[in-house]
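This report examines how protein and DNA meet in the structure shown below.

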2 protein chains.
Amino acid sequence: MREDTRTRIQEIALRLFTEQGYEATSLREIAEELGVTKAALYYHFKTKEDIVASLAELRVADLEELLAWVRTQPKTPETRRELVQRYADKLVQPRYREVTRFMERNQTALRDHPKIHRMREVMLELTAQLHEPSDTLATRISRSMALFTLHAAKWMAQDESLTEEEITKASLEVALRFMEP
Amino acid sequence: MREDTRTRIQEIALRLFTEQGYEATSLREIAEELGVTKAALYYHFKTKEDIVASLAELRVADLEELLAWVRTQPKTPETRRELVQRYADKLVQPRYREVTRFMERNQTALRDHPKIHRMREVMLELTAQLHEPSDTLATRISRSMALFTLHAAKWMAQDESLTEEEITKASLEVALRFMEP
DNA sequence: GTCTATAAGAAGATAGAC
DNA sequence: GTCTATCTTCTTATAGAC
């Protein structure tokens, strides 16, 4: 069954925004790939920013769910490792990863979008769950780098003949190592 | 003594490109801040891309120097730690850091610029110096995250009342910890 | 080196027909 | 839901005077 037009706009926009950049991608291009005119897009999304907001929503909802979960848990090393594990699980879902990639690559262009701002907040709250006030600065940096590692490890794929699975597995191993006191 | 116009264009462009994004910053804005007309910019730089190339040049030269140095050294743990240390030293120089920040934030918009491409190459070669073929994948990821940590630690400054010096010192400590086997 | 003036085009967005 | 046609505004870039 054919997806609805709204979803297809999201898919095409996400791909083009990521490949070419947000500002560099015009509504004309999106419309052409979809096989309609620019004006048709305006029936589904009021503005270009609305398309971004709808994409950000896909990720924010996931992150807020994760944050809500961790707040029900006791603040133990066990919980922190489990949070890293769950974050890694989110990150292997293609849709989540694509949206994340789009946002990483267009930080500046997106800086004024309210939904993007909300997402940054949630990410900061999530990393804050990884340490306690009594931890040293070095420990806090190390813990934050655990989440970063899950994101950044895909760089490794460039010059190596490794499968995605090997990289995912190894970067989780490294991330958990960074969580050690 | 007043700097020359070319240098002032570079400074203003670098700031606006970083704050607002590369595509979102027009030559008109740069000219207005400089107090001249758009046309005057074209005397100093043939195109907008030329301004970017001149900015990238500032960083590429530094990185190539670092790469040239490390290639004269024996491939020992000692050399690798020294490379991390030297990279950290580069990163505290304001001009280098500003250009780096600009590039991090505008990855997609800059993807087709040849100078940017060269910079990515040099960065990859630098990280390749941090490990040997016999190292496990986890070790290689961990070592690459050492350089990443030096970049990313500035995120820590957001919600804390820490001095830049404390953060720099602690992130170097973490980076060197990540270099351990 | 900097100016005015202008070209040539693409962008986001809207009105109204079908 | 999608179209054609159009508006307005902005962009990069150039020609030629001073």
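## Surface near DNA strand D

In this predicted model, the residues of the surface near DNA strand D comprise seven nonpolar, six polar and three charged. There are 16 residues around DNA strand D, and those that come nearest are Thr37(A), His44(A), Arg28(B), Lys38(B) and Tyr42(B). Of the atoms of DNA strand D that come within 4 Å of the protein, 59% belong to sugar and phosphate.

## Polar contacts and elements at strand D

The side chain of His44(A) places an N or O atom 2.9 Å from a phosphate oxygen of DNA strand D. A polar backbone atom of Leu27(B) is 3.2 Å from a phosphate oxygen of this strand. Lys38(B) instead addresses a base: a polar side-chain atom lies 3.1 Å from a base nitrogen of DNA strand D. The elements giving two or more residues to this surface are helix H3 (38-44) of chain A and, from chain B, helix H2 (27-34) and helix H3 (38-44). H3(A) gives the most, with four residues.

## Surface near DNA strand C

DNA strand C is surrounded by 16 residues, of which Leu27(A), Arg28(A), Tyr42(A), Thr37(B) and His44(B) are the closest. Sugar and phosphate make up 56% of the atoms of DNA strand C that come within 4 Å of the protein. By class, this surface has seven nonpolar, six polar and three charged residues.

Polar side-chain atoms of Ser26(A) and Tyr43(B) lie 3.1 Å and 3.2 Å, respectively, from a phosphate oxygen of DNA strand C. An N or O atom in the side chain of Lys38(A) is 3.1 Å from a base nitrogen of DNA strand C. H3(B) gives the most to the surface near this strand, with four residues.

Key:
Residues numbered from 1 in each chain as written. Chains lettered and ligands numbered in written order. Predicted model: local features only at pLDDT ≥ 70, side-chain atom pairs only at ≥ 80, totals over all residues. Heavy atoms only, no water. Near = heavy atom within 4 Å. Polar contact = N/O pair within 3.5 Å; in protein donor to acceptor, adjacent residues only side chain to side chain. Nonpolar A, V, L, I, M, F, W, Y, C, P; charged D, E, K, R; others polar.
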